[in-house]
4 protein chains.
Amino acid sequence: MKFNIFSELSYEVFSDATFIFNIQASSTSYQHIIEESLLISPLLNFREFTLANSDSRYIRLVANQGTFFTITYQASVETQYSVIQEAESLPSIPICQLDTEVVPYLFPSRHCQSDKLRKFAIKEFGFLSNEYAKVLAISDWIFYNTDYITGATDSGTSAYDTLIQREGVCKDFAHLGIALCRALDIPARYFTGYALNMVPPDFHACFEAYIGGHWVFFDPTRLVALNGLVKIAHSKDAADAAVANFFGNTTCTYMNIQCTTANADFQPFIPVPGKGEAISYEPSLF
Amino acid sequence: MKFNIFSELSYEVFSDATFIFNIQASSTSYQHIIEESLLISPLLNFREFTLANSDSRYIRLVANQGTFFTITYQASVETQYSVIQEAESLPSIPICQLDTEVVPYLFPSRHCQSDKLRKFAIKEFGFLSNEYAKVLAISDWIFYNTDYITGATDSGTSAYDTLIQREGVCKDFAHLGIALCRALDIPARYFTGYALNMVPPDFHACFEAYIGGHWVFFDPTRLVALNGLVKIAHSKDAADAAVANFFGNTTCTYMNIQCTTANADFQPFIPVPGKGEAISYEPSLF
Amino acid sequence: MKFNIFSELSYEVFSDATFIFNIQASSTSYQHIIEESLLISPLLNFREFTLANSDSRYIRLVANQGTFFTITYQASVETQYSVIQEAESLPSIPICQLDTEVVPYLFPSRHCQSDKLRKFAIKEFGFLSNEYAKVLAISDWIFYNTDYITGATDSGTSAYDTLIQREGVCKDFAHLGIALCRALDIPARYFTGYALNMVPPDFHACFEAYIGGHWVFFDPTRLVALNGLVKIAHSKDAADAAVANFFGNTTCTYMNIQCTTANADFQPFIPVPGKGEAISYEPSLF
Amino acid sequence: MKFNIFSELSYEVFSDATFIFNIQASSTSYQHIIEESLLISPLLNFREFTLANSDSRYIRLVANQGTFFTITYQASVETQYSVIQEAESLPSIPICQLDTEVVPYLFPSRHCQSDKLRKFAIKEFGFLSNEYAKVLAISDWIFYNTDYITGATDSGTSAYDTLIQREGVCKDFAHLGIALCRALDIPARYFTGYALNMVPPDFHACFEAYIGGHWVFFDPTRLVALNGLVKIAHSKDAADAAVANFFGNTTCTYMNIQCTTANADFQPFIPVPGKGEAISYEPSLF
């Protein structure tokens, strides 16, 4: 599937500030960047970098006091995903046989205090018979029990809070999903990216759970089609994968995010209850 | 400096359980393992693994219900460290010029909610003129304001709690130190290892702050000599670097940790106030 | 119904300490103290007091360093309660018509942060059609979703924690019940007292909700018969009604609590699901 | 001293709602209401009430959906206070000899979790030699270490949060002061009222600590003169003494609060450091 993604962010800088952006589509075996462009206006020196063992791409720059700048990114991206049939049949992989790179996603993180939610997760979802059913129940539970309210939370909000306050935005929904998966010893990671026809236009966050050797997608917000995603990054949680980090006094004055498809025949993937179809982008490790 | 390290851990297993141990000394350019042995008794299948881009070494094993086993590790390790003179003179490295692998240590983590402690850190330590002075003041403040009380905290305790409760063990002291550094935009990471003549005998935790291109050691507990450490792992915090993780119902029934030196002439490194000497193991990245 | 209650508490005092005990049965129109005795051995000066507008009885005393003392209380108490038929039919009383003394029990307190649980309470219980059904559902939900585990919590634990951690003792069950009621604008208060045949022997805590002009009893622990209670105090929560408060360094070395009945024909009140019978001690304010 | 106080609050009501207002000056032996008037426009039925053992005055009313109403209160009030000389000399009253009505102010409450702050309070302020010095140090510490920022907190914020976040408004400053006093076993209570020349105009909150038989005033915000206060209520904390409580969907659309004095010769009471003068309104209980 081919997508056109676009983001434009403007900042007013009140004191010399460093920015770390993470807005570029990742380039992987299952996500091909056909063409892309990055523009910073007025032009500022910047450095691109990636972290070892990661597909995420970062841009670092310094803007001096008084600067007003805009960063614009656009790309044409081809993604590939596979539909998993009968996801309930995916086998449970013993922790001892998990791929080593998956192990860190078992542990709690800044916004996903899975260690504190074990009792809750076991009581609500532990009785279910397979891992896919558990994660689907978690995602459904969040959808039905949490209100999507813009502005209800901030960057300090974490799964522990959301579980009680029952309101938040996509990152909060994702954090809660991840925390509940890990509380059941199911590896889970945070996803940020572009999402087709997101309303209102914005970056999106959801999560992937590691089931039967696949990173399977779940979106407790139900706002977008799971086959309409373009990955920027995955990470332990939003603390590692903010689209923009600032060090200094600055404010975002404008933001425009878009994701459209050139494929007129795009069919949104809508999981049919009981049918057990699921989506994964990354090829199975098995 | 040459150290003999030893750890012996016994477990009673009440239900089939998976263990992930992280008790072996890391092998790096500045820490040489002369000889080592690992014994699991009775013998259980185990897998050793490391994570990409990490020197930490892990052992994974499954123990069945009813098992009673002991894992014993011993090693002879040669470490090298450098003493930094006039640490106050170490330059501050702009975030934009930080080595990319250091960047993740700027962000909050499970037990180090630096994002919540910014005001506190700036008010208490922000006025100090250089990064070494700031981190030293943080370490001293923790020493003077926090009681070392075994059993006062548990694995769910984090820096936010410790800042108020003012009590804990070495991991809590380290977490608070890390959180306060990151709150001042100074990269900091968690250290676990063996420590010479630790009383009572146990693994130890302290922290490293990234100052002037060096990972400089700080120990707010003041329980051990900074040049008497053997590294097991560094990480964002204890959530990533527990010496033992269990998945299943088990209990630790015995624990014996030792660290001695064969060097009769070992001189403990004792920072003299105002003199500004500091210790770093890892060679400077500059 | 006639009960014999007994409590014996021993303390070792490590530094001069003040104690405030709240272990005596309250004396009200519906709870008659036939006879009672209080013994402090060795004899210490003490003062009895009550607070204005309260039936609770307190004993204050000072014990010097090195003292080892025992306080023993016993009483024979006659209680009266009424069984409310068809509790689902109890009318909802508008806040504007609540008796003024009931109003404070609408507000959050130290251990019952009802202001933080509004969304949760409305989502889980808000759809129910009458106040009795709501509170019964709250009490049942706590029983089914929270594990009674001695030692799992401490005096700092509150409803917010218990809602997530899903474990605690009777005071934690009561706090959660109270917080959820208040979150639905139903006045609720904390009850401490003696309970018939409590196993293991201890003081007990449960809660009363104000429904249709009655203070109706609920016990989410289901450990005791609701008509087998002898009231010590009601209050906003345990912060106001600890059976013993200490100011100084002391430890409780022995504790023996008993509650028996002389009525051979005692019939425990067991609410039959769907039947709608409930229990209230205090005569209706209407 | 004679003050003219005025408050005007307007509400738009989106669903039938109950209001409980607590905006009237309390009438006590040390605060005399010369004349006052209350106007609700358009006229709504309302009930005035007080709670037993309290001087606070409440107004309850119901406003139907679609109502837009304004409540206006004005009064002329004469207050009397006494200046305590050499407050450092005020004796410490043993808990065992405290007036019984003061005892509840030793315990933690919703927003003042003194039980969690004991270590902190003892470490920071415990070394001081007398109770007045301790409370003055607490009040000064809050002033110097907390930023007064409108909108930084909400009604769910409590002392535990403020101690770390180091920002808030007058209620947050007061809650932290109260919590730290109680953590040192010094009774403390919350004060709400009108304050002379408050800028920007609003209700004010500060706190009273019980020292040597006097309820002594402290204001960690330093925004107003301590002899320029008109009491609405004192209470355990803001959970008991909100100026307005709503039950229903409503929003405050306008607010105008004023407090002026007719005494041209008003001399603001400014505590001179080291001089030890303090202010109390309520006559000593001794």
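These questions and answers cover a predicted model.

Reader: Which helix of chain C gives the most to the largest nonpolar core?
Author: The largest nonpolar core holds 77 residues. Val135(C), Leu180(C), Cys181(C), Phe207(C) and Ala209(C) touch the most other members. In chain C, 9 residues of the core come from one helix, which spans 170-183 and gives the most: H4.

Reader: Where does this core lie with respect to the domains of chain C?
Author: Domain 1 of chain C covers 2-79, and domain 2 covers 82-240. Both give residues to the core. The core therefore lies between domain 1 and domain 2.

Reader: Which residues does Ala209(C) touch, leaving out those up to four places away in sequence?
Author: Ala209(C) is among the core residues that touch the most other members. Contact here takes C-beta atoms within 7 Å. With sequence neighbours up to four places away left out, the residues touched are Val135(C), Cys181(C), Ile186(C), Ala188(C), Val216(C) and Phe218(C).

Reader: What kind of axis relates chain D and chain B?
Author: Chain D can be laid on chain B with an RMSD of 0.0 Å. The operation is a turn of 180 degrees with a shift of 0.0 Å along the axis. The copies are thus related as by a two-fold rotation axis.

Reader: Which C-alpha of chain D is nearest that axis?
Author: The axis is that of the 180 degrees turn laying chain D on chain B. In chain D, the nearest C-alpha is 3.9 Å from the axis. That C-alpha belongs to Ile164(D).

Reader: How far apart are the nearest C-alpha atoms of chain B and chain C?
Author: Chain B and chain C do not touch. No contact joins chain A and chain D either, and their closest C-alpha atoms lie 12 Å apart. For chain B and chain C, the nearest C-alpha atoms are apart by 12 Å.

Reader: Is strand S11 of chain D largely enclosed or open?
Author: Take its two faces. His204(D), Cys206(D), Glu208(D) and Tyr210(D) are buried on one side. Ala205(D), Phe207(D), Ala209(D) and Ile211(D) are buried on the other. As 8 of the 8 residues of S11(D) are buried, the strand is largely enclosed.

Reader: Which residue in the turn between S11(D) and S12(D) has a positive phi?
Author: S11(D) pairs antiparallel with S10(D) over 6 bridges, with Tyr190(D) opposite Phe207(D). S11(D) also pairs antiparallel with S12(D), over 5 bridges, and Glu208(D) has Phe217(D) as its bridge partner. S11(D) and S12(D) form a hairpin with 2 residues between them. The turn residue with a positive phi, about 60 degrees, is Gly212(D).

Methods: Residues numbered from 1 in each chain as written. Chains lettered and ligands numbered in written order. Predicted model: local features only at pLDDT ≥ 70, side-chain atom pairs only at ≥ 80, totals over all residues. Core = buried A, V, L, I, M, F, W, Y, C linked by C-beta atoms within 7 Å. Buried ≥ 20, exposed ≤ 12 C-beta atoms within 10 Å, placed from the backbone. Helix = DSSP H or I, 4+ residues; strand = E, 2+ residues; numbered from the N terminus. Domains from an automatic or database assignment. Contact = placed C-beta atoms within 7 Å. Least-squares fit on C-alpha atoms with pLDDT ≥ 70 in both. Pairing = 2+ DSSP bridges.
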